[in-house]
Amino acid sequence: NRVVIQEELREISTIIKLWCSLLCEKHIILLGNQAYLLFAVCESLLSLIFPFKWLHTYIPILPYNQFDYLESPTPYMIGVLSSRVDYSYLNENYASHVICDINTSQINKNGVSFLSYNEESKLRKKLQYMKNPELFTIEDIFDSSEDKEKFTKGEDIEDIEQGRSFSENVCYIFFRIFRNSLNIMKKHFTNDKIFNVQSFLDEFCISDMRDFWEKVSATVAFEHFIMSFKNIDDSF
C-alpha cells in the first residue's frame with residue numbers, strides 16, 4: 001500500500017503543478033504514448049481552471065509536421081506523442097518550458113505549485129480520497145473532527161458529494177480555491193466598474209492566498225474574467 005500511496009501522491013502533485021502552470025499561462029508540453037489519453041488529459045486540465053479560460057494556443061495532439069509550433073513565443077498547451085519525440089529531448093531543447101510525461105507523471109523543474117502549504121495540503125488530501133478512498137483512513141484525509149463525524153455518518157464532505165460523478169467532484173475540489181475570493185472581488189469594482197487589482201490583493205496581505213492571486217491576477221485570463229465578472233449579478 002505504501003508504494004501505491006507514493007504513486008498516488010506523485011500523480012496528484014503533478015496535476016496540481018500543471019494546474020498552476022495553466023493559471024500562470026506558461027508554455028506547457030504534455031508527452032504521452034496514446035492520442036486519446038493526451039486529448040483526455042488536456043481537456044480535463046482545461047476544465048479544472050474554471051471559472052477562468054485558456055485563451056492561448058491549444059493543440060492536444062501536435063501533428064509531426066508541425067513541430068514548429070513548439071517554438072511559439074506565446075503561451076500554449078500542446079500534446080506530443082512519445083513515438084515521435086522523447087522526454088529528454090524536449091527537456092533539453094525546451095528548457096524554459098513546463099514538460100510533463102503523463103504516463104509516468106514526470107514533470108520538469110519548471111512545473112511548480114504556488115499554493116501555500118495549507119491550501120495544497122487540503123487539495124491533495126481530497127484528491128487522494130477521490131482517487132483511491134480505500135487506501136486512506138479518515139484521519140489521513142480530514143483534519144477537522146466535524147468533517148470526520150460527517151464522513152462516518154455517510155454525509156457529503158465539503159466539495160465532495162455522493163450524487164456527483166468523479167469528474168464533477170474533482171472540478172468542485174479545485175473550484176474551492178477560487179470560490180471564497182469571488183465574493184471579495186465584487187468589493188473592488190469602482191462605481192464605473194473598473195476593477196482595482198491592488199486593493200483586491202491587499203485583502204490577502206496576511207492570507208495564504210496572497211502569492212496565488214498575485215500570480216493569477218497578472219494573466220490575460222484574469223483580465224478576461226474580470227471583464228465578464230463585473231456584469232454578473234450577486235446571485236453568482
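Are Arg176 and Glu119 buried or exposed?

## A buried ion pair

In this predicted model, Arg176 and Glu119 are both buried. Their side chains form a salt bridge, with a nitrogen-to-oxygen distance of 3.3 Å. Arg176 belongs to helix H7 (residues 166–185) and Glu119 to helix H4 (residues 117–131), so the pair links parts of the chain that stand 57 residues apart in sequence. In total, the structure contains six salt bridges.

## The network around Arg210

Side chains of opposite charge can pair when their charged atoms come close. Arg210 takes part in a salt bridge with Glu214, at 2.9 Å from N to O. Both residues sit in helix H9 (residues 210–216), separated by four residues, or about one turn of the helix. A further salt bridge joins the side chain of Arg210 to that of Asp202, at 3.6 Å from N to O.

Through shared partners, these salt bridges connect Asp202, Arg210 and Glu214 into one network. The relative accessibility of Asp202 is 39%, so this residue counts as partly exposed. Glu214, with a relative accessible area of 34%, is likewise partly exposed, because values from 20% to 50% fall in that class.

## Nonpolar cores

The largest nonpolar core comprises 51 residues. Trp19, Leu30, Met185, Phe212 and Trp213 have the most contacts inside this core. Helix H7 contributes its largest share, namely eight residues. A separate core of 14 residues lies apart from the largest one and includes Ile29, Leu62, Phe67 and Val80.

Leu30 illustrates how sequence-distant residues meet. Beyond its neighbours within four places in sequence, Leu30 contacts Leu18, Leu38, Val41, Cys42, Leu45, Met77, Ile78, Gly79, Val80, Cys100 and Ile102. One of these contacts, Val80, is a member of the separate 14-residue core.

## The enclosed cavity

The structure has one cavity of 30 Å³ or more. The largest cavity encloses about 50 Å³ of space. Its lining consists of Leu22, Leu23, Glu25, Ile49, Phe52, Lys53, Trp54, Val216, Thr219, Ala221 and Phe222.

Classified by residue type, this lining has eight nonpolar residues, one polar residue and two charged residues. Glu25 and Lys53 are among the lining residues, and both residue types count as charged. Helix H1 (2–23) and helix H10 (220–229) each provide at least two residues of the lining.

Technical notes. Residues are numbered from 1 along each chain as its sequence is written. This is a predicted model: local features need pLDDT of at least 70, side-chain atom pairs count only at pLDDT 80 or more; totals for chains, interfaces and linings use all residues. Side-chain values use heavy atoms; hydrogens and water are left out. A salt bridge is a side-chain nitrogen of Lys or Arg within 4 Å of a carboxyl oxygen of Asp or Glu. Buried means under 20% relative accessible area, exposed over 50%, partly exposed in between (1.4 Å probe, protein chains only). A nonpolar core is a set of buried Ala, Val, Leu, Ile, Met, Phe, Trp, Tyr and Cys residues joined through side-chain atoms within 4.5 Å. Contact means heavy atoms within 4.5 Å. On a 1 Å grid over the protein atoms alone, a cavity is a set of points where a 1.4 Å probe fits but cannot get out, and a pocket is an open set with protein on both sides within 12 Å along at least five of seven lines; lining residues have an atom within 4 Å of a point. Grid points are joined across faces, edges and corners, and a volume is the space filled by probe spheres set on the points.
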